[in-house]
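Subject: Structure handover

Hello,

Here is the structure I promised you. Please open it beside this email and follow along.

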Amino acid sequence: MIEKRVSVPVSTVWTTNTSPRPIDQLITEEPYRIDVYLATMSYEDRLQLCTDNLAQTQLLFNDRVEVLNEENGWSEIIIPDQPTVKHVNGYPGWVPSRHLAASNHVNSEQSVLITSQTAWLYTLQKQRWLHLSFGTTFEVTTAEDDWIRVRTPLGEGYMERMEVSFQQFEKNGTAFLTNARRFLGLPYLWAGMSGFGFDCSGFVYRMYKSSGIILPRDASNQFQTGIVINEKEMEQGDLLYFAYDEGAGGVHHVAMYAGNGKIIHAPKTGKNVEEIALSGTIYDKELCGVRRFSSSSLWEVNAS
């Protein structure tokens with residue numbers, strides 16, 4: 001396997017290399033136009049990503065992948081930082097080969113993470129370059145008063161200091177919720193893992209990863225891990241899981257506990273990230289368990 005890095009702001013990971021539709025060429029072909037793509041997609045276009053099992057997950061700029069195979073301009077990959085039962089080494093799928101660049105990771109002593117919903121990476125001439133997502137990380141080369149010079153798969157650039165934080169992880173409910181509330185009102189996106197759109201498990205995954213905790217990618221896999229918590233002992237930042245058949249069936253949704261009987265979550269296609277009271281909702285009837293994650297989960301998987 002060959003390690004590479006993502007070289008576009010957000011790369012959707014497709015189920016197969018034939019999954020993308022004509023509308024998806026806005027993010028699979030040149031020029032890459034994620035803002036136009038999101039603005040152009042209809043409700044039906046967004047829903048089809050799920051109903052036809054077209055998309056699996058997403059990657060952020062500078063994320064690492066392992067390339068298994070290349071075919072007709074596409075790369076079959078594994079994502080080591082997204083655990084799943086689908087493959088023992090990480091989440092599998094396909095991305096355009098043009099979205100990947102050679103890895104130039106050098107283990108810098110300092111790294112930064114974008115803490116704004118989205119932010120711009122600038123060229124060395126301090127011109128806007130790439131529109132990036134919350135959670136994107138970089139190695140630092142130098143730090144100035146207002147600018148941080150960073151290493152990327154496409155060469156060095158600058159981030160505004162106010163858009164990033166040095167990675168000193170706070171692993172507590174307050175930190176999880178502070179980050180989660182940045183995205184209230186953001187439209188749901190199946191397979192979404194970025195400040196441009198989240199699905200339910202992608203939302204909690206990204207909030208936890210921004211605090212240095214790696215969860216399994218999907219809600220059903222997350223439910224298998226973590227510390228089991230009694231509903232009466234829930235704390236802010238704990239994760240609530242919901243199952244079909246009023247909690248007796250398969251897990252299909254996850255939300256974060258926001259305290260005072262409220263949850264924050266990315267509900268479904270056509271809805272936005274919201275913070276609501278749990279009582280009296282369909283989710284209240286479907287609640288099947290609560291989990292707490294204070295560190296990256298070590299778990300056994302039976303990869304299919």
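First, a term you will need: two strands pair if DSSP finds at least two bridges between them. With that in hand, look at strand 14, where Phe166 is the bridge partner of Val112. Keep in mind that this is a predicted model.

**The seven-stranded sheet**

Val112 and Phe166 belong to a wider pattern. Strand 8 and strand 14 (residues 164-166) run antiparallel and are joined by three bridges. Strand 8 is also joined to strand 11 by three bridges, again antiparallel. There, Ser111 has Glu139 of strand 11 as its bridge partner.

Now step back to the whole sheet. Seven strands make up an open sheet, with the order 10-9-13-12-11-8-14 and antiparallel pairing. Which strands stand at the edges? They are strand 10 (128-133) and strand 14. Each has a single partner strand, so one side of each is left without a neighbour in the sheet. On average, neighbouring strands here are turned by 45° against each other, direction ignored.

Find strand 12 (residues 147-152) and strand 13 (residues 155-160) inside that order. Six bridges pair them in the antiparallel sense. Ile148 stands opposite Met159 of strand 13.

What holds such strands together? Strands of a sheet pair through backbone hydrogen bonds, either parallel or antiparallel.

**The six-stranded sheet**

Next, move further along the chain. An open sheet of six strands follows the order 17-22-18-19-20-21, and its pairing is antiparallel. Strand 17 (227-229) and strand 21 (274-277) are its edge strands, and each pairs on one side only. Neighbouring strands of this sheet are turned by 40° on average, direction ignored.

Zoom in on one pair. Strand 18 (residues 239-243) and strand 19 run antiparallel, joined by five bridges. Leu240 has Ala255 in strand 19 as its bridge partner.

**Strand 5 and its partners**

Strand 5 (residues 74-79) deserves its own look. Is it mostly covered or mostly open? It is mostly covered, with five of its six residues buried.

Strand 5 pairs with strand 4 (residues 64-71) through five bridges, and the two run antiparallel. Glu71 stands opposite Trp74 of strand 5. Strand 4 and strand 5 form a hairpin with two residues between the strands. In that hairpin, Asn72 takes a positive phi near 55°.

Strand 5 also pairs with strand 6 (residues 91-96), antiparallel, over six bridges. In strand 6, Val95 is the bridge partner of Ser75.

**The two pockets**

Now the open spaces. The largest pocket has a volume of about 660 Å³. Its lining holds 28 residues. Which of them lie nearest its centre? Tyr188, Trp190, Cys200, His252 and His253 do.

Several elements each supply at least two lining residues to the largest pocket, among them helix 3 (43-51), helix 5 (200-209) and strand 19 (251-259). You met strand 19 above, as the antiparallel partner of strand 18. By class, the lining has 14 nonpolar, eight polar and six charged residues.

The second largest pocket holds about 480 Å³ of space. It is lined by 23 residues. Nearest its centre lie Arg5, Asp63, Asp81, Thr137 and Lys209. Strand 8 (111-114), strand 11 (137-143) and helix 5 each give two or more residues to this lining. Helix 5 therefore appears in the lining of both pockets. The lining of the second largest pocket has seven nonpolar, nine polar and seven charged residues.**The cysteines**

Last, the cysteines. How many disulfides are there? The count comes to zero. A disulfide needs two cysteine sulfur atoms within 2.5 Å. The sulfur of Cys50 is 9.8 Å from the closest cysteine sulfur, which sits in Cys200, and that is too far for a bond. Cys288 is in no disulfide either: its nearest cysteine sulfur, that of Cys200, is 12 Å away.

Are these two cysteines buried or partly exposed? Cys50 counts as partly exposed, at 30% relative accessibility. Cys288 is partly exposed too, with a relative accessible area of 25%.

Best wishes

Terms used:
Residues are numbered from 1 along each chain as its sequence is written. This is a predicted model: local features need pLDDT of at least 70, side-chain atom pairs count only at pLDDT 80 or more; totals for chains, interfaces and linings use all residues. Side-chain values use heavy atoms; hydrogens and water are left out. Buried means under 20% relative accessible area, exposed over 50%, partly exposed in between (1.4 Å probe, protein chains only). On a 1 Å grid over the protein atoms alone, a cavity is a set of points where a 1.4 Å probe fits but cannot get out, and a pocket is an open set with protein on both sides within 12 Å along at least five of seven lines; lining residues have an atom within 4 Å of a point. Grid points are joined across faces, edges and corners, and a volume is the space filled by probe spheres set on the points. Helices (H or I, at least four residues) and strands (E, at least two) are DSSP runs, numbered from the N terminus. Ala, Val, Leu, Ile, Met, Phe, Trp, Tyr, Cys and Pro count as nonpolar, Asp, Glu, Lys and Arg as charged, and the others, Gly among them, as polar. Axes are lines fitted to C-alpha atoms, for helices over the stretch in contact, and angles run from 0 to 180 degrees between N-to-C directions.
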